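Work through the exercises below with the sequence and the 3D view open. Try each task before reading its solution.

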Amino acid sequence: MKEKHRYILVRAWRALPEPERQTFERSFYSSMLAILGELGYSEAHPKLIKFLDDSHFIIKCTLEGKESTLLSLSMMKKVGGEDAFFFTLRSSGTLRALQKYYSSISGDPHTASAGSESQKQ
């Protein structure tokens, strides 16, 4: 049976410019492992999918591990030795729906108008 996933749109409290993202990503995974433990981490299987801008990114996790992933995000206070706070904006079963929501809140006219055109059809 196919494993069900959830995609979570997260906003970081501070901007993470391009050079810091790789360091952040490594710290993110080690922090998640420390908070969830090996068993919880393997159940949730969190993966940072992509950065949408300097402070928004998408995490993919299993349906069973969604609550654990959200809990660990709320408990994460430091990443890479720096203060870190994360706010969950929305979760979805599809990446497309989450990106459509992000485009509606980001104010990008290209992505927002493309989403509204597909709704009209």
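**Exercise 1.** Is D54 buried, partly exposed or exposed?

Solution. The model is a predicted one, and the values here are computed from it. Step one is to take the relative accessible area of D54, which is 37%. Step two is to compare this with the cut-offs: buried means under 20%, exposed means over 50%, and partly exposed lies in between. D54 therefore counts as partly exposed.

**Exercise 2.** Which side chain does D54 meet in a salt bridge, and which parts of the chain does the pair tie together?

Solution. Start with the partner: the side chains of D54 and R21 form a salt bridge, with 2.7 Å from N to O. Next, place both residues. D54 belongs to the loop between strand 2 (47–51) and strand 3 (56–62), while R21 is part of helix 1, so the contact ties together parts that are 33 residues apart in sequence. Then check the cover on the partner. R21 has a relative accessible area of 13%, so R21 is buried. Finally, count: the structure holds one salt bridge.

**Exercise 3.** How many helices and strands does the chain have, and in what order do the elements run?

Solution. Count the elements by type to get four helices and six strands. Then read from the N terminus on: the order is β-α-β-β-α-β-β-β-α-α. To add the overall cover, take the 121 residues of the chain, of which 32% count as buried.

**Exercise 4.** What is the volume of the largest pocket, and which residues lie closest to its centre?

Solution. The volume of the largest pocket is about 190 Å³. Its lining is made of 15 residues, and those closest to the centre are R14, L16, E20, F24 and V79. Now sort the lining by element. Helix 1 and strand 5 (82–83) are the elements that give two or more residues to it. Helix 1 supplies the largest share, four residues. Last, sort the lining by class: eight residues are nonpolar, three are polar and four are charged.

**Exercise 5.** Which residues make a nonpolar surface patch of about 300 Å²?

Solution. The patch is made by W13, F85 and F87. Take W13 as the residue to locate: W13 sits in the loop between strand 1 (5–12) and helix 1 (18–44). Then classify W13 by its cover. Its relative accessibility is 42%, so W13 counts as partly exposed.

**Exercise 6.** What is the sign of phi at H45, and where in the chain does H45 lie?

Solution. The phi of H45 is positive, about 45°, although H45 is not a glycine. To place H45, look in the loop between helix 1 and strand 2. H45 has 49% relative accessibility and therefore counts as partly exposed.

**Exercise 7.** How far apart in space, C-alpha to C-alpha, are Y7 and L48, E43 and C61, and L36 and G65?

Solution. Treat the pairs in turn.

- Y7 and L48 are 41 residues apart in sequence, and their C-alpha atoms are 9.6 Å apart. Y7 is in strand 1. With a relative accessible area of 14%, Y7 is buried.
- E43 and C61 are 18 residues apart in sequence, with 8.8 Å from C-alpha to C-alpha. E43 is in helix 1. Its relative accessible area is 42%, which makes E43 partly exposed.
- L36 and G65 are 29 residues apart along the chain, and 9.9 Å separates their C-alpha atoms. L36 is also in helix 1. At 17% relative accessibility, L36 counts as buried.

Conventions
Residues are numbered from 1 along each chain as its sequence is written. This is a predicted model: local features need pLDDT of at least 70, side-chain atom pairs count only at pLDDT 80 or more; totals for chains, interfaces and linings use all residues. Side-chain values use heavy atoms; hydrogens and water are left out. Patches are made of residues with over 30% relative accessible area and no salt bridge: like charges are joined within 9 Å, nonpolar side chains (Val, Leu, Ile, Met, Phe, Trp, Tyr) within 5 Å. Accessible areas come from the Shrake-Rupley method with a 1.4 Å probe; for residues, only the protein chains shown count as cover. A salt bridge is a side-chain nitrogen of Lys or Arg within 4 Å of a carboxyl oxygen of Asp or Glu. Buried means under 20% relative accessible area, exposed over 50%, partly exposed in between (1.4 Å probe, protein chains only). On a 1 Å grid over the protein atoms alone, a cavity is a set of points where a 1.4 Å probe fits but cannot get out, and a pocket is an open set with protein on both sides within 12 Å along at least five of seven lines; lining residues have an atom within 4 Å of a point. Grid points are joined across faces, edges and corners, and a volume is the space filled by probe spheres set on the points. Ala, Val, Leu, Ile, Met, Phe, Trp, Tyr, Cys and Pro count as nonpolar, Asp, Glu, Lys and Arg as charged, and the others, Gly among them, as polar.
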